[in-house]
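Trainee: I am new to this structure and should like to learn how its features are read. May we go through it together, one feature at a time?

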Amino acid sequence: SLPGADGLQGRLVAERMRKMVEKMRIMLPNSSKSVQITASFGVASFRIGPEETVDSLIKRVDEAMYKAKHEGRNRVCVADE
């Protein structure tokens, strides 16, 4: 949640988080090996109006996240772009 942020600001924050995850190296238990992971993010801004509910916002965020995964993963997609 980013109170007062719009889709662009949300995208910038999600992109910073995505890059941080991508740079991480996770050490495997009982091993000297590490793995790298990536993350996909969906971003949506709450629309003021009678049609917008928490459920509709969550649905748009979820759709944006699945779009990011479908487009190749390790990316950020903003709902309604």
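Trainee: Is Arg 60 buried or exposed in this model?

Mentor: The model is a predicted one. A residue counts as buried when its relative accessible area is under 20%. Arg 60 has a value of 10%, so it is buried.

Trainee: Where does Arg 60 lie, and which residues does it touch?

Mentor: Arg 60 lies in helix H2, which runs over residues 54-70. Leaving aside residues up to four places away in sequence, Arg 60 touches Ala 44, Ser 45, Phe 46, Arg 47, Glu 52, Ala 79 and Asp 80.

Trainee: Which side chains form polar contacts with the side chain of Arg 60?

Mentor: Glu 52 is one of them, joined to Arg 60 by a polar contact of 2.7 Å between the side chains. Asp 80 is another, and here the contact between the side chains is 2.6 Å.

Trainee: How should one read the two faces of a helix?

Mentor: An α-helix has 3.6 residues a turn, so residues three or four places apart point the same way. In H2, the buried residues are Leu 57, Arg 60, Ala 64 and Ala 68. They cover an arc of only 80° around the axis, which means that they sit on the same side of H2. The face turned away from that buried side carries the exposed residues Asp 55, Ile 58, Lys 59 and His 70.

Trainee: What covers the buried residues of H2?

Mentor: The cover includes S3 and S4. As for the length of H2, its 17 residues should span 24 Å at 1.5 Å a residue, and its end C-alpha atoms are indeed 24 Å apart.

Trainee: Which residues of H1 are buried, and which exposed residues are on the face turned away from them?

Mentor: The buried residues of H1 are Gly 7, Gly 10, Ala 14, Arg 18 and Val 21. Their arc around the axis is only 70°, which places them on the same side of H1. The face turned away from the buried side carries the exposed residues Leu 8, Arg 16, Met 20 and Lys 23. Strand S3 (41-43) and strand S4 (76-78) are among what covers the buried residues of H1.

Trainee: What is found at the start of H1?

Mentor: There, a side-chain oxygen of Asp 6 reaches to within 3.1 Å of the backbone nitrogen of Leu 8. Helix H1 itself covers residues 7-23.

Trainee: How is a pocket to be described?

Mentor: One may give its volume and then its lining. The largest pocket holds about 380 Å³ of space. It is lined by 16 residues, and the closest to its centre are Ser 1, Leu 2, Gly 10, Val 43 and Ala 44. The elements that give two or more residues to this lining are H1, S3 and H2. H1 provides the largest share, with four residues.

Trainee: Which residues that are not glycine have a positive phi?

Mentor: Asn 30 is one of these, with a phi of about 55°. It is found in the loop between strand S1 (26-27) and strand S2 (34-35). Residues over 50% relative accessible area count as exposed, and Asn 30, at 87%, is therefore exposed. Asn 74 is another, with a positive phi of about 50°, and its place is in the loop between H2 and S4.

Trainee: Which glycine with a positive phi follows H2?

Mentor: That residue is Gly 72, whose phi is near 130°.

Conventions: Residues are numbered from 1 along each chain as its sequence is written. Side-chain values use heavy atoms; hydrogens and water are left out. The expected span of a helix is 1.5 Å times one less than its number of residues. Buried means under 20% relative accessible area, exposed over 50%, partly exposed in between (1.4 Å probe, protein chains only). The arc is that of the directions from the helix axis to the C-beta atoms. Contact means heavy atoms within 4.5 Å. A polar contact is a pair of N or O atoms within 3.5 Å; within protein, one must be able to donate a hydrogen and the other to accept it, and residues adjacent in sequence count only if both atoms are side-chain atoms. On a 1 Å grid over the protein atoms alone, a cavity is a set of points where a 1.4 Å probe fits but cannot get out, and a pocket is an open set with protein on both sides within 12 Å along at least five of seven lines; lining residues have an atom within 4 Å of a point. Grid points are joined across faces, edges and corners, and a volume is the space filled by probe spheres set on the points.
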